[in-house]
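Open the model in your viewer and keep the selection tool ready. The tour goes stop by stop, with a selection to make at each.

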Amino acid sequence: MIDIPTLETARLRLTALTERHFDDYAAMLADPDSTRWIGDGLPLDRTNAWRSLAMLIGHWSLRGYGMWALELKSTGEFIGRAGLLHPEGWPDIEMGWMLKPEHRHHGYATEAGTAVLEFAWEQLHMRRVISLVRVGNDASDRVAERLGGEHIEDIDFFGSDNHVFAYYPPHREFRRAYA
């Protein structure tokens with residue numbers, strides 16, 4: 001087992017996804033409004049939600065980083081996921097987020113993304129992270145911009161048009177390698 005660190009922000013705990021999160025995770029992935037901007041845009045049944053959860057947990061073992069469960073510090077309630085991914089076929093290390101519908105528009109994605117980027121720079125010493133945001137997902141475009149993402153290009157990714165936002169370490173000495 002890999003030791004997945006816990007990160008804390010003012011309102012959130014970013015903690016390892018575990019089986020205890022599964023019912024809430026599966027419900028989030030069964031909601032068409034939650035899945036419309038990821039993957040093929042279709043909701044997942046419980047079997048495929050389990051596969052998704054297992055992939056995210058396994059990503060930590062394969063890459064040494066991954067997605068965290070987002071919990072409200074005040075209640076422990078699962079509200080979504082956020083973290084870093086780089087599965088086979090991805091153009092770069094991606095920071096992504098997904099929130100349950102009732103927890104959107106409260107700044108949680110930006111708060112979690114700030115913690116994820118800090119971890120990427122300070123703990124993993126990454127040179128760049130991207131976010132792939134499907135064209136039309138204006139809310140995620142705004143989150144990426146608030147996090148300091150630079151819209152560097154648009155790409156077709158698995159059959160959908162996506163904005164690519166790039167993030168660089170605050171000291172930006174590595175930016176030249178990608179410019």
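**Stop 1: Ser-34**

Select Ser-34, which is found in helix α2 (residues 32-35); helices (H or I, at least four residues) and strands (E, at least two) are DSSP runs, numbered from the N terminus. This is a predicted model, in which local features need pLDDT of at least 70, side-chain atom pairs count only at pLDDT 80 or more, and totals for chains, interfaces and linings use all residues. Residues are numbered from 1 along each chain as its sequence is written, and side-chain values use heavy atoms, with hydrogens and water left out.

Ser-34 has a relative accessible area of 6% and is buried (buried means under 20% relative accessible area, exposed over 50%, partly exposed in between, with a 1.4 Å probe and protein chains only). Now show what surrounds the residue. Neighbours within four places in sequence aside, Ser-34 is in contact with Met-28, Met-98, Leu-99, Pro-101 and Arg-104, where contact means heavy atoms within 4.5 Å. Draw a C-alpha to C-alpha distance from Ser-34 to Met-98: 7.3 Å in space, with their positions 64 residues apart in sequence.

Two polar partners can be labelled here. The side chains of Ser-34 and Asp-31 are joined by a polar contact of 2.9 Å. A polar contact is a pair of N or O atoms within 3.5 Å; within protein, one must be able to donate a hydrogen and the other to accept it, and residues adjacent in sequence count only if both atoms are side-chain atoms. The backbone oxygen of Met-28 lies 3.5 Å from a polar atom of the Ser-34 side chain.

**Stop 2: Arg-104 and Asp-33**

Add Arg-104 and Asp-33, whose side chains meet in a salt bridge (2.8 Å, N to O). The pair links distant parts of the chain, 71 residues apart: Arg-104 is in the loop between β5 and α4, and Asp-33 is in helix α2. A salt bridge is a side-chain nitrogen of Lys or Arg within 4 Å of a carboxyl oxygen of Asp or Glu; by this rule the count comes to 10. Arg-104 is partly exposed at 21% relative accessible area, and Asp-33 is partly exposed at 36%.

**Stop 3: Glu-77 and Lys-100**

Which residue forms a salt bridge with Glu-77? Select Lys-100: the closest N and O atoms of the two are 4.0 Å apart. Glu-77 lies in the loop between β3 and β4 and Lys-100 in the loop between β5 and α4, so the pair ties together parts that are 23 residues apart in sequence. Glu-77 is partly exposed, at 32%, while Lys-100 counts as buried at 12%.

**Stop 4: Glu-71**

Go to Glu-71 in strand β3 (residues 67-72). Is this residue buried or exposed? With 4% relative accessibility, Glu-71 counts as buried. The side chain of Glu-71 makes a polar contact of 2.7 Å with that of His-21. Glu-71 also meets Arg-13 in a salt bridge between side chains (3.8 Å, N to O). Arg-13 lies in strand β2 and Glu-71 in strand β3, so this pair ties together parts 58 residues apart in sequence. Arg-13 is partly exposed, at 23%. Extend the selection to Glu-8, Arg-13, Arg-20, Glu-71 and Lys-73, which are linked in a network of salt bridges.

**Stop 5: aromatic pairs**

Show the rings of Trp-60, Trp-68 and Phe-119, which form one aromatic cluster. Rings of Phe, Tyr and Trp (its six-membered ring) pair if their centres lie within 6.5 Å; planes under 30 degrees apart count as stacked, over 60 as edge-to-face and the rest as tilted. Trp-60 is buried at 2%, and Trp-68 is buried at 0%.

By this rule there are 7 aromatic pairs. For one of them, select Phe-22 and Trp-50: the centres are 5.1 Å apart and the planes at 80°, so the pair is edge-to-face. Phe-22 is in helix α1 (residues 22-30) and Trp-50 in helix α3 (residues 46-63), 28 residues apart. Phe-22 is buried at 8%, whereas Trp-50 is partly exposed at 39%.

**Stop 6: the nonpolar cores**

Finish with Leu-14, Leu-84, Met-95, Trp-97, Val-129 and Tyr-167, which touch the most other members of the largest nonpolar core, a set of 34 residues. A nonpolar core is a set of buried Ala, Val, Leu, Ile, Met, Phe, Trp, Tyr and Cys residues joined through side-chain atoms within 4.5 Å. Colour α4 (108-122): the largest share of this core, 9 residues, comes from α4. Another core, of 14 residues, lies apart from it, and includes Leu-17, Phe-22, Tyr-25 and Leu-85.
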